[in-house]
Amino acid sequence: MLKIESYEQNGCTVMRLDGDIDEDGMNVLRLSLMECIQAQRCNVVVNLASVKFVSYMGVGVLVERLRQLRACNGDLKLTGVNLYTERLFRMVGITNVFETYSTEAQALKAFAEAA
């Protein structure tokens, strides 16, 4: 089961994921990201460091929510992307869709510099 710990920092929502983004996990992620959009918290950092598996459908959720966040003048940045997820993104052809960073601090800094 996917667990999500969220906190706010400098006008951004940071979500730390722990578990797999499988069928159940993608639903949890979809709902959590929708809550951010509905609350107009449209700058989101998703930390995938504790995620071992991402399904193709999970990738679809990330892309879908990225588009929605950008539609409300926000963005979604990823941190902690492991080798498996990197390969999956390459296979699906979305390596250039997401901005990825090594740490949450780097992603938050990118949001601050863009403001």
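Student: At 5% relative accessibility, does F98 count as buried or exposed?

Tutor: This is a predicted model, in which local features need pLDDT of at least 70 and side-chain atom pairs count only at pLDDT 80 or more, whereas totals for chains, interfaces and linings use all residues. Residues are numbered from 1 along each chain as its sequence is written, and side-chain values use heavy atoms, with hydrogens and water left out. Buried means under 20% relative accessible area, exposed over 50%, and partly exposed in between (1.4 Å probe, protein chains only). Because its relative accessibility is 5%, F98 counts as buried.

Student: Which residue forms a stacked aromatic pair with F98?

Tutor: The structure holds two aromatic pairs, and rings of Phe, Tyr and Trp (its six-membered ring) pair if their centres lie within 6.5 Å, with planes under 30 degrees apart counted as stacked, over 60 as edge-to-face and the rest as tilted. In the pair that includes F98, the rings are 5.6 Å apart centre to centre and their planes differ by 20 degrees, which makes the pair stacked. The other ring of this stacked pair belongs to F89.

Student: At 5% relative accessibility, does F89 count as buried or exposed?

Tutor: F89 is the residue whose ring is stacked with that of F98. Since its relative accessibility is 5%, F89 counts as buried.

Student: How many Å does helix α2 reach from its first C-alpha to its last?

Tutor: Helices (H or I, at least four residues) and strands (E, at least two) are DSSP runs, numbered from the N terminus. Helix α2 covers residues 56-71 and has 16 residues. From its first C-alpha to its last, helix α2 reaches 23 Å.

Student: Which residue with a positive phi follows α2?

Tutor: The residue in question lies in the loop between α2 and β4, and its phi is about 60 degrees although it is not a glycine. Its relative accessibility of 73% means that it counts as exposed. The residue that follows α2 is N73.

Student: Which elements are included in what covers the buried residues of α2?

Tutor: The buried residues of α2 are G58, V59, V61, L62, V63, R65, L66 and L69. What covers these residues includes both helices and strands, namely β2 (12-21), α1 (23-38), β3 (43-54), β4 (75-79) and α3 (83-92).

Student: Are α1 and α2 roughly parallel or roughly perpendicular to each other?

Tutor: Axes are lines fitted to C-alpha atoms, for helices over the stretch in contact, and angles run from 0 to 180 degrees between N-to-C directions; angles under 35 degrees count as roughly parallel, over 145 as roughly antiparallel, 65 to 115 as roughly perpendicular and the rest as oblique. M26, L29, R30, L33, M34 and I37 in α1 meet M57, G58, V61, L62, E64, R65, Q68 and L69 in α2, where a contact means heavy atoms within 4.5 Å. The two helices pack at an angle of about 5 degrees, with their axes 10 Å apart. It follows that α1 and α2 are roughly parallel.

Student: At roughly how many degrees do the axes of α2 and α3 cross?

Tutor: Y56, V59 and L62 in α2 meet L88, F89, M91 and V92 in α3, so the stacked F89 also takes part in this helix packing. The axes of these two helices come within 11 Å of each other, and they cross at roughly 80 degrees. That makes α2, in relation to α3, roughly perpendicular.

Student: Which residues does M26 touch, not counting residues up to four places away in sequence?

Tutor: M26 lies in helix α1, and because its relative accessible area is 7%, M26 is buried. Leaving out residues up to four places away in sequence, M26 touches I21, M57, G58 and V61.

Student: With which residues is S32 in contact, leaving aside its neighbours within four places in sequence?

Tutor: S32, too, is found in helix α1, and at 17% relative accessibility S32 counts as buried. Once its neighbours within four places in sequence are left aside, S32 is in contact with I4 and M15.

Student: How many Å separate the C-alpha atoms of V45 and C12?

Tutor: V45 is found in strand β3 and is buried, with a relative accessible area of 0%. Not counting residues up to four places away in sequence, V45 touches T13, V14, M15, K77, T79, A107, L108 and F111. Although V45 and C12 are 33 residues apart along the chain, the separation of their C-alpha atoms is 7.2 Å.

Key: Expected span 1.5 Å × (residues − 1).
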